[in-house]
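The following exercises concern charged side chains and their surroundings. Please work through each task before reading its solution.

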Amino acid sequence: MSYIPDVDQARELLARYNKEPFHLQHAETVSKVMGEFAKEYDPENTEFWKAVGMLHDIDFELYPEQHCVKANEILHELDIDEEMIHAVISHGYGICIDVEPVRYMEKVLFATDELTGLIGAAALMRPTGMTDMEVKSVMKKFKDKKFAAGCSRDVIRRGAEMLGMDLSELIGRTIDAMRA
């Protein structure tokens, strides 16, 4: 019988495969952002959304060239619920795997994963960090292709489209979620 880990169990599973503080912190950030979006869109499943956010890069540190493909294998070996596996791996849609985000929660993960990296990098450049971060500051960094070059602008744009949000709305909501 497959199971659905809560966020603490997901954190423990993540730590089995990831040791780098950056990767662990990224998972915490994405988990928290997912939890904030869940409060509005699916409040009875907040824990599920947060656990998906925690697990989304479970394979990235060990298997960066097989990202999401290895996550699929790992999560099946761990007997994780199919719905959760689909949610986790679909954030790599069109990048490293052909599993499309279908549910709203999966689209939120797809849209915010890269964006949290961009916003986090922008916060590091500011003396006040996230405290008074504004959408226009992030939009300016978004347009600068050299800034946080590893954060795919195309993926962020596609994610906003999937969610039916304009880019500035997605950025604003993600900033608010990261601040919370």
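## Charged side chains in a predicted model

Glu106 is buried, its relative accessible area being 1%. The model to which these exercises refer is predicted.

**Exercise 1.** Determine which residue forms a salt bridge with Glu106, and classify the accessibility of both partners.

*Solution.* Step 1: the partner is Arg103, and the closest N and O atoms of the pair are 3.5 Å apart. Step 2: a salt bridge requires a side-chain nitrogen of Lys or Arg within 4 Å of a carboxyl oxygen of Asp or Glu, so the pair is accepted. Step 3: Arg103 has a relative accessible area of 28% and is therefore partly exposed. Step 4: Glu106, at 1%, is buried because buried means under 20%.

**Exercise 2.** State which residues are joined with Glu28 into one network by salt bridges that share partners.

*Solution.* The network comprises Asp8, Arg11, Glu28 and Lys32. By the same rule, the count comes to 13 salt bridges.

**Exercise 3.** Locate Glu28 and describe its surroundings.

*Solution.* Step 1: Glu28 belongs to helix 2, which spans residues 21-41. Step 2: its relative accessible area is 19%; the limit for buried is under 20%, so Glu28 counts as buried. Step 3: when neighbours within four places in sequence are left aside, Glu28 is in contact with Arg11 and Met54. Step 4: with Arg11, the side chain of Glu28 makes a polar contact of 2.5 Å.

**Exercise 4.** Explain where Lys32 lies relative to Glu28 along helix 2, and give the distance between the closest N and O atoms of their salt bridge.

*Solution.* Step 1: Lys32 and Glu28 are separated by about one helical turn, because they are four residues apart in helix 2. Step 2: the two residues form a salt bridge in which the closest N and O atoms are 3.4 Å apart. Step 3: as a general principle, side chains of opposite charge can pair when their charged atoms come close.

**Exercise 5.** Analyse the salt bridge between Lys39 and Glu36: what is the spacing in sequence, and are the residues buried, partly exposed or exposed?

*Solution.* Step 1: both residues lie in helix 2, three residues apart, which corresponds to about one turn of the helix. Step 2: the closest N and O atoms of Lys39 and Glu36 are 2.8 Å apart. Step 3: Lys39 has a relative accessible area of 52%, and exposed means over 50%, so Lys39 is exposed. Step 4: Glu36, at 26%, is partly exposed.

Methods
Residues are numbered from 1 along each chain as its sequence is written. This is a predicted model: local features need pLDDT of at least 70, side-chain atom pairs count only at pLDDT 80 or more; totals for chains, interfaces and linings use all residues. Side-chain values use heavy atoms; hydrogens and water are left out. Helices (H or I, at least four residues) and strands (E, at least two) are DSSP runs, numbered from the N terminus. Buried means under 20% relative accessible area, exposed over 50%, partly exposed in between (1.4 Å probe, protein chains only). A polar contact is a pair of N or O atoms within 3.5 Å; within protein, one must be able to donate a hydrogen and the other to accept it, and residues adjacent in sequence count only if both atoms are side-chain atoms. Contact means heavy atoms within 4.5 Å.
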